[in-house]
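Thanks for making time for this. I would like to walk through one model this morning, beginning with an annotated span, then the strand pairing, and ending with the pockets.

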Amino acid sequence: MKIIACGSVPTIIASDAYFTGRVTQNPIIEAVAPARLRATSVSFEPGARTHWHTHPLGQTIHVVSGAGLAQSWGGPIREIKAGDTVWFEPGEKHWHGAAQKTAVTHIAMQEALNGSPVDWLEPVSDEQYQG
């Protein structure tokens, strides 16, 4: 058994190479092989969002507070709110983040394939974000 004490892992200010706006990440777990689970609590200020990205083994996000948005490539922008769980299929191009006027925090869970849990792509333009 391993216990990771609350407050023992520093908060990360997310890189603008992968996010638009202010985003903080609080790592939860990066399991040791052969396990592949990675989980992070991600908080987005209003208007903040991920870039387009995919996950080789899919991704689950569980919204714990606030209200935000999510979209898969070619699909409609969907509202997500506290209590919602969203599943993205392996390789599904998508983004997620806060709504324009509300913050959102979600737990992002994904597995790594060959050490990589995500493939980052281009930023979500303001036009795409605003629908």
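When I speak of helix and strand here, I mean DSSP runs, with helices being H or I over at least four residues and strands being E over at least two, numbered from the N terminus. Please keep in mind throughout that this is a predicted model.

Let me start with the annotation, which comes from an unreviewed UniProt entry and places "domain: Cupin type-2" on residues 42–103. How much of residues 42–103 is helix, and how much is strand? In the model the span is 0% helix and 55% strand, and the C-alpha atoms at its two ends lie 11 Å apart.

Now to the strand pairing, where I will stay with strand 3, which covers residues 23–30. On one side of the pairing list we have strand 1, made of residues 12–13, which runs antiparallel to strand 3 and is joined to it by two bridges; within that pair, Ile12 is found opposite Gln25 of strand 3. Strand 3 also runs antiparallel to strand 4, with seven bridges joining them, and here Val23 has Phe44 of strand 4 as its opposite residue. These two, strand 3 and strand 4, make up a hairpin, and six residues separate them.

That brings me to the largest pocket, which holds about 440 Å³ of space. Its lining comprises 23 residues, and those closest to the centre are Gln25, Arg38, Thr40, Gln110 and Pro117. So much for the residues; which strand gives the most to this lining? It is strand 3, with five residues, while strand 4 (37–44) and strand 11 (104–111) are also among the elements that each supply at least two. Gln25, then, appears twice in this account, once opposite Ile12 and once among the residues closest to the centre of the largest pocket. In composition, the lining divides into twelve nonpolar residues, nine polar and two charged.

The second largest pocket has about 180 Å³ of space, and its lining includes Ala70, Gln71, Ser72, Arg78, Glu79, Trp87, Phe88 and Glu92. Two or more residues of that lining come from each of strand 7 (59–72), strand 8 (78–81) and strand 9 (85–88). By class, six of its lining residues are nonpolar, three polar and three charged.

I will stop there and take questions.

Conventions: Residues are numbered from 1 along each chain as its sequence is written. This is a predicted model: local features need pLDDT of at least 70, side-chain atom pairs count only at pLDDT 80 or more; totals for chains, interfaces and linings use all residues. Side-chain values use heavy atoms; hydrogens and water are left out. On a 1 Å grid over the protein atoms alone, a cavity is a set of points where a 1.4 Å probe fits but cannot get out, and a pocket is an open set with protein on both sides within 12 Å along at least five of seven lines; lining residues have an atom within 4 Å of a point. Grid points are joined across faces, edges and corners, and a volume is the space filled by probe spheres set on the points. Ala, Val, Leu, Ile, Met, Phe, Trp, Tyr, Cys and Pro count as nonpolar, Asp, Glu, Lys and Arg as charged, and the others, Gly among them, as polar. Two strands pair if DSSP finds at least two bridges between them. UniProt positions are given in the numbering used here, feature names are shortened, and annotations may be inferred rather than shown by experiment.
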